[in-house]
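Me: Please walk me through this model step by step. I am in my first year, so explain each term as it comes up.

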Amino acid sequence: MAGRLISGMQLDAPLSHILHARGILTAKDVLCKPETELMELLDLPLSRIRDVIFQTSIDACPPYRSALALKEERESEEGFGHLPTHLMDIDSALLGGIPFGAITEVVGPAGFGKTQLCLMLCVNAALQKEYGGLDGSVIYYDSEHKFHPGRMAEIAQSRFPHVFSDLNNLRKLATSILVYHPHSLDEFISSLDGLENILIEKKVRLLIVDSIAALLQRWTRKPISEAWASSSDNEVNVAKSNLINVRAHEFGCSSMGWLTSSERYLAEAFRIPILVTNQVRISSNSRFSVSRHNEDADTMVHDPELQLTAALGPSWAHSVNIRIILESIGGQRFLKIAKSPLSPVTVHPYKVTNRGLELIGRDNYTCGGDIMQIHIDGKLLKA
C-alpha cells in the first residue's frame with residue numbers, strides 16, 4: 001500500500017493540502033523521509049510530524065482479517081467477487097471469472113483477440129445484474145487507439161440479443177464505457193492520481209489498460225514491433241527486441257514499481273478487476289524455436305534461434321496476479337491460463353467471431369505444423 005494516495009487517507013483537510021503542495025502525494029513519500037526532513041519541509045513541530053507518520057502508517061497498512069471474514073466478504077460481493085467472462089470453461093477454471101481486487105494480464109501477438117476480450121468484458125461489466133453482469137461503468141485506457149464502439153455493439157448484440165436489441169440499452173452501454181487516450185506514460189501515470197473520485201462517482205466495476213507495453217514503447221521511442229523488421233539478420237532483430245528490455249529494466253526500478261503498486265491499490269481498495277494487455281517480443285535462445293508470420297507471403301517462417309516471450313520482463317510478470325496467454329499451435333489458437341492462484345495451467349482452443357472470443361470443443365479443430373507459442377522464463381507451460 002506504499003502507493004496509496006494521501007488524499008484518500010484520514011488526515012485533516014488543511015494538512016492534506018500542505019502535503020500535496022509540498023509534493024508529498026503517497027504514503028511512501030511520508031514514510032521514507034526522516035522526521036527532520038519532514039519538519040523542515042512542512043514547517044511543523046516534531047509532535048505533529050509523528051502524528052502524521054502514525055496516521056499514515058495506519059491508513060497504508062491494511063488490517064488483518066480472519067479467513068472466515070474474508071470468505072464472508074467475498075460471498076457477499078457481486079458475482080462472488082468475480083467478473084464472469086461467460087466463457088464456461090474459463091469461468092470454471094478461475095472459480096467465477098476475472099477476480100476483483102487483482103491485476104489480470106492478457107498476453108499475445110497482434111491480431112489474436114486481446115482487444116476483443118477487453119470489449120467482451122466491457123459488455124459484461126456494464127450488463128444489468130439480472131443478466132449476469134455488474135451493472136457498472138468501465139474505465140478503458142486505449143493507448144493504441146484500438147477501441148471500436150461499433151465492434152463493442154456488435155459483440156453485445158450477438159451475445160445478448162434479448163438485452164441489446166433494445167437501442168436504449170445499447171445507448172446505456174455506450175455511455176457506461178469511459179475511454180481515455182493517454183499519449184504518454186507520464187500522462188497515464190498522472191491520470192491515476194485523480195482516479196479515485198471517478199471510480200466512486202461513476203460506479204466503476206472494471207478498469208482496462210490496452211496496452212501497457214504500448215505506453216512503455218513510446219517512452220523508449222523504440223517500438224516493440226521493430227523486432228519483426230524485414231532484416232534477415234537475426235542478431236540485428238534480437239538486438240532491437242532486447243533494447244526495450246534494457247530500457248524497461250531501467251524504467252522498472254522507479255516508475256514501473258510505482259505504477260504497479262498504484263494499480264494494485266486501486267484494485268484492492270475499490271474491489272474491482274483490473275485487466276491489462278501486453279504485447280510479445282522475440283529473444284534469442286538456441287534451445288527453443290519459434291515460427292513467425294510472414295505477412296507478404298502469408299506463411300510461417302521457422303527460425304530455430306528465436307522464441308516469443310511476453311514484453312516488459314520478469315519484474316512486470318511477477319507483479320500481475322493472473323496471466324492469460326493467447327497463442328497458436330498448428331494454426332489453432334489457444335487461450336492458456338498460465339499463472340493463477342486459483343487455477344492450474346489450463347489450455348482452451350478458441351476462435352474470434354462476431355461474438356468476440358468463443359471456445360471450441362477439443363474435437364472440433366485440427367492442427368498443422370505452424371507454431372506461435374509464448375515462453376515464460378525460458379519455458380513452455382503445459383497443461
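Reply: A disulfide is a pair of cysteine sulfur atoms within 2.5 Å. This is a predicted model, in which local features need pLDDT of at least 70 and side-chain atom pairs count only at pLDDT 80 or more, while totals for chains, interfaces and linings use all residues. Residues are numbered from 1 along each chain as its sequence is written, and side-chain values use heavy atoms, with hydrogens and water left out.

Me: OK, how many disulfides does the structure hold?

Reply: The structure holds zero disulfides.

Me: Why is there no bond at Cys118?

Reply: The closest cysteine sulfur to that of Cys118 belongs to Cys122, and it lies 6.9 Å away, which is too far for a bond.

Me: And is Cys118 buried or exposed?

Reply: Cys118 counts as buried because its relative accessibility is 0%, where buried means under 20% relative accessible area, exposed over 50%, and partly exposed in between, using a 1.4 Å probe and protein chains only. Cys32, in contrast, counts as exposed, at 57% relative accessibility. Over the whole chain of 383 residues, 50% count as buried.

Me: What is the average pLDDT of the chain?

Reply: The chain averages a pLDDT of 80, and 75% of the residues score at least 70; pLDDT is the predictor's confidence in each residue, from 0 to 100. Over residues 246-253 the pLDDT is below 50, and that stretch has eight contacts in the model beyond near neighbours in sequence, a contact being heavy atoms within 4.5 Å. The pLDDT is also below 50 over residues 286-302, a stretch with 39 contacts beyond near neighbours in sequence.

Me: Switching topic, how many helices and strands are there?

Reply: The chain has 15 helices and 17 strands. Helices (H or I, at least four residues) and strands (E, at least two) are DSSP runs, numbered from the N terminus. Of the chain's contacts with a separation of 6 or more, 67% are between residues 24 or more positions apart.

Me: Show me two helices that meet. How do helix 3 and helix 4 cross?

Reply: The axes of helix 3 (residues 35-42) and helix 4 come within 10 Å and cross at roughly 110°. Axes are lines fitted to C-alpha atoms, for helices over the stretch in contact, and angles run from 0 to 180 degrees between N-to-C directions. That crossing makes helix 3 roughly perpendicular to helix 4, since angles under 35 degrees count as roughly parallel, over 145 as roughly antiparallel, 65 to 115 as roughly perpendicular and the rest as oblique.

Me: Which residues meet there?

Reply: Glu35, Leu38, Met39 and Leu42 of helix 3 meet Leu46, Ile49, Arg50 and Ile53 of helix 4. Ile53 sits in helix 4, which covers residues 46-60, and beyond its neighbours within four places in sequence it is in contact with Val30, Leu31, Glu35 and Leu38. The C-alpha atom of Ile53 is also 8.9 Å from that of Ala27, although these residues are 26 apart along the chain.

Me: What about helix 8 and helix 10, how do they cross?

Reply: The axes of helix 8 (residues 149-159) and helix 10 (residues 167-176) come within 11 Å and cross at roughly 130°, and the two helices are therefore oblique to each other. Their contact is made by Met152, Ala153, Ala156 and Gln157 on the helix 8 side and by Leu170, Leu173 and Ala174 on the helix 10 side. The buried residues of helix 8 include Met152, Ala153 and Ala156, and the buried residues of this helix pack against several elements, among them helix 7 (114-126), helix 10 and strand 14 (346-353).

Me: Now the backbone. Where does a cis peptide bond turn up?

Reply: The peptide bond from Asp210 to Ser211 is cis, with omega near 5°, and Ser211 lies in the loop between strand 6 (204-210) and helix 13 (212-220). Most residues other than glycine have a negative phi, and most peptide bonds are trans.

Me: Which residue other than glycine has a positive phi?

Reply: Lys203 is one of them, with phi near 55°, and it is found in the loop between helix 12 (195-201) and strand 6. Arg271 also has a positive phi, of about 50°. Lys203 is exposed, with a relative accessible area of 60%, whereas Arg271 counts as buried at 17% relative accessibility.
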